[in-house]
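The following exercises ask you to trace how strands are paired and ordered, and each is followed by a solution that goes step by step.

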Amino acid sequence: MGIRTIEEYRESLRDGRKVYISGERVEDITKHRVLGLTVETIGAAYELAQKGDQATKDLLIAKHPETGEPINRFFVTPKTPEDLANRTKAIHTLMRKTGGLPFGKDIGTDCLNAAMAVAKQMGNKQYEENAKNFLEHLRKNDLHTCGAITCVKGDRSKEPAHQKHPDYYLHVVDKNKDGIIVKGAKIHITSAPAANEILVVPTRQMRENEADYAVSFAIPANTKGITFICRNGRGPWSDKEFHADRPVRELTEAMIVFDNVFVPWDRVFMCGEWQYSMAIAYTFATFHRFTAISYKVPNVEVMAGCAVAMAKYNGLFKVGHIREKLADIAAYVETLRALADAAAMKPVMFGDIAVPNPLIANMAKLHFASKYHEFVKLIQDIGGGILATSPDKRDWDNPEIHDYLDHYLGGTADSTTEERLRMIHETMRHVASHESAFHEVTTVHAEGSMAAQKMMILHESPLKQYEMRAKVAAGILPLDTKID
């Protein structure tokens, strides 16, 4: 098959999967008011690969490394800096051309790439073969994937083996000659209800008495015992909104319950190798933070553009303190872009797999997360209080008050009132809405907390080299000291 159509993707989701949202069992997620948006957001990537211009197709579709047949770009296991850079370019293109983030394959392949890299470290040929065969399954059928990483965790002060309920962390409860049986729940899983395949990796380092929690595998979304409990979302555009002439692009998240789910051995990538649980979680986190900083660049570009446009519509673009704020906004965006590019250009090799530079990827994610609220505040300041108090599209469309709004809500002479209102509403969505509040939380916690990024930065930074250079400078060590 190789490259699916959007119609084939939609049809693949009508497979009896068990999905709930707001207490309702959803029989066909493609027709649901909220989950249908997730399907269409992911589907937009399928459509671009089929019907986009040639440059877009060339980016989204690659050649199978062995057969030369067309496969999705995300199913190219990165071997070079160019492969990593192409993942970033594909994410940028999808966001800019669809108006949203079609998280269809990136997170799942973040998991699979980590599983493949760590299988090589373990020297486990069966796991390597399982991962390779599963990758071929994804390539052949052009499947949408999601990554299930974060366990529900229960009491965060206690380790997995000491929880009130043992299945607060996903774990193996039984094994037989055919496979394993797992129980537990994963949470915060983006686009999960619209995935074809779920890829599971451990959420943390496990100890010897927690070997049953060191488990990684792939499983179809409609497997018996799997239940999706989804977050509600915004739904389609309403007539209260000024908006672009394009569909809403939005994903949803889910908790995935694994209630004694059977997983065949040929879909298992780790089972009991607790010594390598941190390696697979760490490698996944590096890939995933690279994915995160890739998709965040186009997102913050638009937000920065809102600040520039609002400054102009308000007639304040040349005012000194506004320009200082715009300089801070531009520095935030361009630092993120530079770090994202550098993470791809300086990979760490795990065998023949190119892993984005862990130090730089974590620096980029920490930069984005730790400074995001200040970034939002600057845009709010430039945009003004009208971001929170603006009349809506129904008011504008009411002939009894339209002329008042057109007269009193205008800005500079070279723009219309409607243009200004449209930009106010676009900016409001990013910095003064339910959607923006959601993104402020996910920016801090998605792809790992800021504490996790600092921990990885400390681990990756050459602290010993820093110390030795200081000792040479202080005369404690001789000038010719070799510093690796």
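**Exercise 1: the partners of β11**

In this predicted model, strand β7 (residues 179-190) and strand β11 (residues 253-264) run antiparallel and are joined by nine bridges. Determine which residue of β11 stands opposite G179, and how many bridges join strand β10 to β11.

*Solution.* Begin with the pairing of β7 and β11, which is antiparallel; within it, G179 has P264 of β11 standing opposite. Then turn to strand β10 (residues 226-230), which also runs antiparallel to β11 and is joined to it by five bridges. As a residue-level check on this second pairing, T227 has V257 in β11 as its bridge partner.

**Exercise 2: an open sheet and its helix**

Find the order of the four strands that form an open sheet, explain why one side of β5 and of β12 is left without a neighbour in the sheet, and state which helix packs on the sheet.

*Solution.* First, write down the order, which is β5-β8-β9-β12, with mixed pairing. Second, locate the edges: β5 (145-148) and β12 (268-271) stand there, and because each has a single partner strand, one side of each lacks a neighbour in the sheet. Third, consider the geometry, in which neighbouring strands of this sheet are turned against each other by 20° on average, direction ignored. Fourth, examine the pairing of strand β9 (residues 215-220) with β12, which is antiparallel over three bridges and places V215 opposite C271 in β12. Finally, add helix α5 (residues 106-122), which packs on the sheet and touches β5, β8 (197-200), β9 and β12, while its direction makes about 60° with that of β5.

Note on methods:
Residues are numbered from 1 along each chain as its sequence is written. This is a predicted model: local features need pLDDT of at least 70, side-chain atom pairs count only at pLDDT 80 or more; totals for chains, interfaces and linings use all residues. Side-chain values use heavy atoms; hydrogens and water are left out. Two strands pair if DSSP finds at least two bridges between them. Helices (H or I, at least four residues) and strands (E, at least two) are DSSP runs, numbered from the N terminus. Axes are lines fitted to C-alpha atoms, for helices over the stretch in contact, and angles run from 0 to 180 degrees between N-to-C directions. Contact means heavy atoms within 4.5 Å.
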